Amino acid sequence: MTWWHAVVETRHELQNPTSPEKIRELGERLGLNPDSHVLDIASGKGGPALILAETFGCRLTCVERAPEFVSEARERTASAGLEDRIEIVEADAATYEVDRYDAALCIGATFAYGGLVPTLKRLRPVAPVLAIGEPYWRVWPLPPAPDGEERTDEGEWLPLPETIVRMESTGARVVSLIASSEDDWDRYESLHWLALDEWLAENPDHPQAGEFRARGAAARSRYLAWERAVMGWAIFVCRS
Ligand SMILES: C[S@@+](CC[C@H](N)C(=O)[O-])C[C@H]1O[C@@H](n2cnc3c(N)ncnc32)[C@H](O)[C@@H]1O
């Protein structure tokens, strides 16, 4: 079976609605330097790790569960000549035993620990500063979804102020915020469309082609009709 995310994220260097500039800004706010050792939970294809290691000379231990993304992260690390700075561990974050680090990241994957609050509880003892990437609602209460559109699963997301209250209920202090712009969102979402279009052109007779075409069309329509107006996403910098 071909994994949906491996197909639609083929073109993503960063697998979240953010940018290389914002990841560098994150490194500044975390105070990273060549002596820093950073834990990156659910590190994907290693996009944030490569930028941080290149810019700040820090070391990173990256934990990623998907073998497809682990191999790509290892290839990207080798071609960037950063194997002495970046270690990629293939593991489930939920059961991976962590040590103590100078900073810990969980960018766009709090579900790996069962949500925002469990993620903060798990990572607070691990590092003095944390960076957590998480969605929030920009409009509240949520308007009804347009006719014919499925409403995005609300999950446990909240508006921005309530998201921060929820984070601070764990004892962490949110000291900074790097939010996604509309450009960040459009890049992130529409790279899915492009990657899927290319994959369907190359694999017209693939047994999952019909299913992927329908899934891609529904995701694009939902984004344009609904999510683009109401969804926010930010990296929250916290003191443990
Ligand atoms: C939205 S992507 C973010 C990747 C990366 N942090 C970035 O910003 O480019 C979420 C990642 O979490 C990984 N993931 C999901 N559950 C996980 C788990 N339990 N343990 C480790 N990684 C996990 C996925 O495979 C995917 O690579």
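## Arg29 and its partners

Beyond its neighbours within four places in sequence, Arg29 is in contact with Ser176, Leu177 and Ile178. The model behind this and every other value here is predicted. Arg29 sits in helix α2, which spans residues 20-30.

Two of these contacts are polar. The side chains of Arg29 and Ser176 meet in a polar contact of 2.7 Å. A polar atom of the Arg29 side chain also lies 3.0 Å from the backbone oxygen of Leu177. Arg29 has a relative accessible area of 34%, so it is partly exposed; the partly exposed class runs between 20% and 50%. Glu87 is 58 residues from Arg29 along the chain, and their C-alpha atoms are separated by 23 Å.

## Overall build

The protein has 8 helices and 7 strands. Its radius of gyration is 18 Å, close to the 18 Å that the globule rule gives for 240 residues, so the protein is as compact as a globular protein of that length. Along the principal axes, the C-alpha atoms fill a box of roughly 50 × 45 × 30 Å.

Buried residues account for 49% of the 240 residues. The protein exposes about 11400 Å², and carbon and sulfur atoms supply 49% of that area. How many of the contacts between residues at least 6 apart in sequence join residues at least 24 apart? The share is 76%.

## The ligand site

The ligand is surrounded by 20 residues. The closest are Asn16, Ala42, Glu64, Asp92 and Ala93. By class, this shell holds 12 nonpolar, 5 polar and 3 charged residues.

Backbone and side chain both supply polar atoms here. A backbone N or O atom of Ala42 lies 2.9 Å from a nitrogen atom of the ligand. For Ile107, a backbone N or O atom lies 3.0 Å from a ligand nitrogen. Glu64 uses its side chain: one of its N or O atoms is 2.6 Å from an oxygen atom of the ligand. The ligand on its own has 600 Å² of accessible area, and the protein covers 93% of it.

## Ala42: backbone geometry

Which backbone angle stands out at Ala42? Phi is near 60 degrees, a positive value in a residue other than glycine. Ala42 lies in the loop between β1 (37-41) and α3 (47-56). Its relative accessibility is 25%, so it counts as partly exposed. That class counts protein chains only. Ala42 is also one of the closest residues to the ligand.

## Gln15: a loop residue with two polar links

Gln15 lies in the loop between α1 (4-8) and α2. Is Gln15 buried or exposed? Its relative accessibility is 16%, so Gln15 counts as buried; the cut-off for buried is under 20%.

The Gln15 side chain makes a polar contact of 2.6 Å with the side chain of Glu9. The side chain of Gln15 also reaches the backbone nitrogen of Lys45, at 2.7 Å. Leaving out residues up to four places away in sequence, Gln15 touches Glu9, Gly44, Lys45, Phe69 and Tyr188.

## Two further buried positions

Ile51 is found in helix α3. With a relative accessible area of 11%, Ile51 is buried. Its contacts, not counting residues up to four places away in sequence, are Leu14, Pro20, Ile23 and Arg24. Pro20 and Ile23 fall within the 20-30 span of helix α2. Ile51 and Ser181 are 130 residues apart in sequence, and their C-alpha atoms are 19 Å apart in space.

Thr110 belongs to the loop between β4 (103-107) and α5 (116-123). At 6% relative accessibility, Thr110 counts as buried. Outside the four-place window in sequence, Thr110 touches Gly115, Leu116, Thr119, Ile132, Gly133 and Glu134.

## A cis peptide bond

The peptide bond from Trp140 to Pro141 is cis, with omega near 0 degrees. Pro141 is found in the loop between β5 (129-137) and α6 (160-168).

Methods
Residues numbered from 1 in each chain as written. Predicted model: local features only at pLDDT ≥ 70, side-chain atom pairs only at ≥ 80, totals over all residues. Heavy atoms only, no water. Near = heavy atom within 4 Å. Polar contact = N/O pair within 3.5 Å; in protein donor to acceptor, adjacent residues only side chain to side chain. Areas by Shrake-Rupley, 256 points an atom, 1.4 Å probe, with all protein chains shown as cover. Nonpolar A, V, L, I, M, F, W, Y, C, P; charged D, E, K, R; others polar. Helix = DSSP H or I, 4+ residues; strand = E, 2+ residues; numbered from the N terminus. Rg over C-alpha atoms; globule rule 2.2 N^0.38 Å. Buried < 20%, exposed > 50% of the residue type's maximum accessible area, 1.4 Å probe, protein only. Contact = heavy atoms within 4.5 Å.
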